[in-house]
Amino acid sequence: MQTVKMVVTGPFSAGKTAFIRSVSEIDVVSTERKISTEAERIKETTTVAMDFGRITVDDDLVLYLFGTPGQKRFDFMWEILSEGMLGFIVMVDSTRPETFREAKGILQTFRAYAPTPYVVAANKQDIKDAWTVDDLRIALKLDSSIKMLPCVASDRESVKKVLLELLFSILEEMEKK
């Protein structure tokens, strides 16, 4: 059996934990703690170390999903979680343009950790004021060759589409070697 390690990263409150929870076949191993700073009170809890979920694709393939914490003060976990990854997903909150620069910085950080395939998931596309994928691509200054997909992290089918795109990229990369 082959296992594929994928990392789900992105800024604080981008939807990483919801993404993993909506598709994992096991209870997600989570390190959620109550928000301690006033500036981050847009939600009740936050990931402080990692999330972990698993998906069995078939008898021969299992995906391990590792979610990173989004706050900069926990960035020491990013490099640890990136070790051995075969690909990563950068979650972007399509409704919070103030986080786009941070998302771009996180993308560049993970590219520096390992030259693996990646996709960008434009999360919260179900919310009225969400930026379109095309507008997000321009805001993030992403080349048209980079896979950028609409996403609703709480919707299992939407998450599966993002994971499949990354998996196809990983398999394509493995065939080249």
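**Close-up 1. Surroundings of the buried residues of helix α3 in the predicted model.** The elements that cover the buried residues of α3 include the strands β1 (2-9), β5 (87-93) and β6 (118-123), together with the helices α2 (76-82) and α4 (133-139). The residues of α3 that count as buried are Phe100, Ala103, Ile106, Leu107 and Phe110. Seen down the axis of α3, these buried residues fall within an arc of 115 degrees, so they line one face of the helix. The face turned away from this buried side carries Arg101 and Ala112, which are exposed.

**Close-up 2. Helix α3 from end to end.** Helix α3 runs through residues 100-113, and its 14 residues should span 20 Å at 1.5 Å a residue. The C-alpha atoms at its ends are 20 Å apart in the model, which agrees with that expectation.

**Close-up 3. Ser24 in the loop between α1 and β2.** Ser24 is found in the loop that lies between helix α1 (16-23) and strand β2 (29-34). With a relative accessibility of 12%, Ser24 counts as buried, because the cut-off for a buried residue is under 20%. The side chain of Ser24 reaches the backbone oxygen of Ile26 at 2.9 Å. When its neighbours within four places in sequence are left aside, Ser24 is in contact with Gly53, Arg54 and Ile55.

**Close-up 4. Ser13 in the loop between β1 and α1.** Ser13 lies in the loop that is found between strand β1 and helix α1. Its phi is near 65 degrees, which is a positive value in a residue other than glycine. Ser13 has a relative accessibility of 12% and therefore counts as buried.

**Close-up 5. Lys124 in the loop between β6 and α4.** Lys124 is placed in the loop between strand β6 and helix α4, and the two elements it lies between are among those that cover the buried residues of α3. The phi of Lys124 is near 70 degrees, a positive value in a residue that is not glycine. The relative accessible area of Lys124 is 19%, so this lysine counts as buried.

**Close-up 6. Helix α5 and its buried residues.** Helix α5 (residues 156-176) has 21 residues and reaches 30 Å from its first C-alpha to its last, a span close to the 30 Å expected at 1.5 Å a residue. The buried residues of α5 are Ser158, Val159, Val162, Leu163, Leu166, Leu167, Ser169 and Ile170.

How values were computed: Residues are numbered from 1 along each chain as its sequence is written. This is a predicted model: local features need pLDDT of at least 70, side-chain atom pairs count only at pLDDT 80 or more; totals for chains, interfaces and linings use all residues. Side-chain values use heavy atoms; hydrogens and water are left out. Helices (H or I, at least four residues) and strands (E, at least two) are DSSP runs, numbered from the N terminus. The expected span of a helix is 1.5 Å times one less than its number of residues. Buried means under 20% relative accessible area, exposed over 50%, partly exposed in between (1.4 Å probe, protein chains only). The arc is that of the directions from the helix axis to the C-beta atoms. Contact means heavy atoms within 4.5 Å. A polar contact is a pair of N or O atoms within 3.5 Å; within protein, one must be able to donate a hydrogen and the other to accept it, and residues adjacent in sequence count only if both atoms are side-chain atoms.
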